[in-house]
Amino acid sequence: MTQAHDGLGGSMEFPPPIEQPNIFPLSWESHTAKLEEIWASAQKEYWDPARLPWDSLRPEQMSPTEREAVAYWFSLLSVFDASAPPVFATALVHAYEIHEEDPVRRAFFSITRDEQNHEIVCGKAISLLTPGAPLDYEPQSELGRRAKRNVEWLYHNGARYWNGYKKAVPRYSMAVLFSSFLMGEVASATLFQYMFNHTTIPVFKEAFRAIGRDEGRHMAICLSLMERDYPKISDEDRSIVTKQIRAGYVFLSGVLFEPPSDFWDLPEDFISTQREIEEVARAAGLGVATYDEKLENWRQAMLNVKGVLERYDIPFPAIPEVGISGEEVTDVNWDEIIPVF
């Protein structure tokens, strides 16, 4: 307890300083006008997954293998999109604890809310096509049996990522966090634009259109914060950003390309099974990219991220898997990765 003169000849008692990090004391400072504009856009563009044309989906007109293949793709997507709400909710709490300006906190809130919609789409699609899936579902085909096994491996790796993320968030500056978030948003914007253009199933086409718009807005949030923070980023953080981008490539390749062995703990036949599943899903009308298309899409996405980092003289990591040269990164701590979707 402290005492201070009240200016009227007396004194008042005040509480002791609040131990940090803590969400208190609250304040509502606003310094980044661009984030206010994006918040207004998020309010205007908010959409309800329940209003998508789910009635147009006719599972009975698909074979069991087709239903299982399309549901598998949404289960794969759920490793990233269904983990995003708690990921950004954690970042939202962190933003309060470090007393970020109010528009930054609202930005995290808007992303969390959007990602909840994306999770709902995953869950609804899986439930309609394969009730009880991904784990409480009895496969109707041999491919479906292998798909269910694959999903269990995907969730195993997702759990490892989540444990690392929880430990990593308090350790890094907001500048480092947003480099990882940007990686996820560029990747997802690339994915959903492609899916929207190539999917012939009406409800999924409409869903990908809405999700892609959200991801573009999330990317704008990341770029705005990078414009604010990167001109004064420290040399230590520059090095960390380079490592996080490499880690982001490896983690997000699980859905954008094919999971590398650097981080992913998978059985030998995982990728061959997934390729077979994707071929069936593609034939059923889900716009899944071919191997060559994935390679080119992912390469272009990485070049876009590289272009952003070059504005701030931050070295880009070598990604030889997609033909991009850069700084060799060999000491990534895979238990403390930050990339999100």
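**Exercise 1. Which span should the 18 residues of helix H2 have at 1.5 Å a residue, and how far apart are its end C-alpha atoms?**

Solution. The structure is a predicted model in which local features need pLDDT of at least 70 and side-chain atom pairs count only at pLDDT 80 or more, while totals for chains, interfaces and linings use all residues. Residues are numbered from 1 along each chain as its sequence is written, and side-chain values use heavy atoms, with hydrogens and water left out.

Step 1. Helices (H or I, at least four residues) and strands (E, at least two) are DSSP runs, numbered from the N terminus; H2 covers residues 64-81.
Step 2. The expected span is 1.5 Å times one less than the number of residues, which gives 26 Å for H2.
Step 3. The end C-alpha atoms of H2 are 25 Å apart, in agreement with that value.
Step 4. Of the 18 residues in H2, 15 are buried, where buried means under 20% relative accessible area, exposed over 50%, and partly exposed in between (1.4 Å probe, protein chains only).

**Exercise 2. Describe the overall build of the chain.**

Solution.
Step 1. The chain has 10 helices and two strands, and in order from the N terminus the elements are β-β-α-α-α-α-α-α-α-α-α-α.
Step 2. For 341 residues, a compact globule would have a radius of gyration near 20 Å, and the 22 Å of the chain agrees; the radius is taken over C-alpha atoms, and the globule rule is 2.2 Å times the number of residues to the power 0.38.
Step 3. Along the principal axes, the C-alpha atoms fill a box of roughly 85 × 45 × 30 Å.
Step 4. Buried residues account for 52% of the 341 residues.

**Exercise 3. Determine which parts of the chain the salt bridges of Arg106, Asp114 and Glu276 connect.**

Solution.
Step 1. A salt bridge is a side-chain nitrogen of Lys or Arg within 4 Å of a carboxyl oxygen of Asp or Glu; the whole structure holds 23 of them.
Step 2. Arg106 and Glu36 pair at 2.9 Å, N to O. Arg106 belongs to helix H4 (residues 102-129) and Glu36 to helix H1, so this pair ties together parts 70 residues apart in sequence. Arg106 is buried at 18% relative accessibility, whereas Glu36 is partly exposed at 28%.
Step 3. Asp114 and Arg217 pair at 2.8 Å, N to O. This pair links Asp114 in helix H4 with Arg217 in helix H7, 103 residues apart, and both residues are buried.
Step 4. Glu276 and Arg146 pair at 3.2 Å, N to O. Glu276 lies in helix H9 (residues 270-283) and Arg146 in helix H5, so parts 130 residues apart in sequence are tied together. Glu276 is partly exposed, at 38% relative accessibility.

**Exercise 4. Characterise the surroundings of His218 and Asn150.**

Solution.
Step 1. His218 is located in helix H7 (residues 202-229) and is buried, with 0% relative accessibility.
Step 2. With residues up to four places away in sequence left out, His218 touches Ile111, Asp114, Glu115, His118 and Glu185; contact means heavy atoms within 4.5 Å.
Step 3. Asn150 is part of helix H5 (residues 142-168) and is likewise buried, at 0% relative accessibility.
Step 4. Under the exclusion of residues up to four places away in sequence, Asn150 touches Tyr72, Phe270, Thr273 and Gln274.
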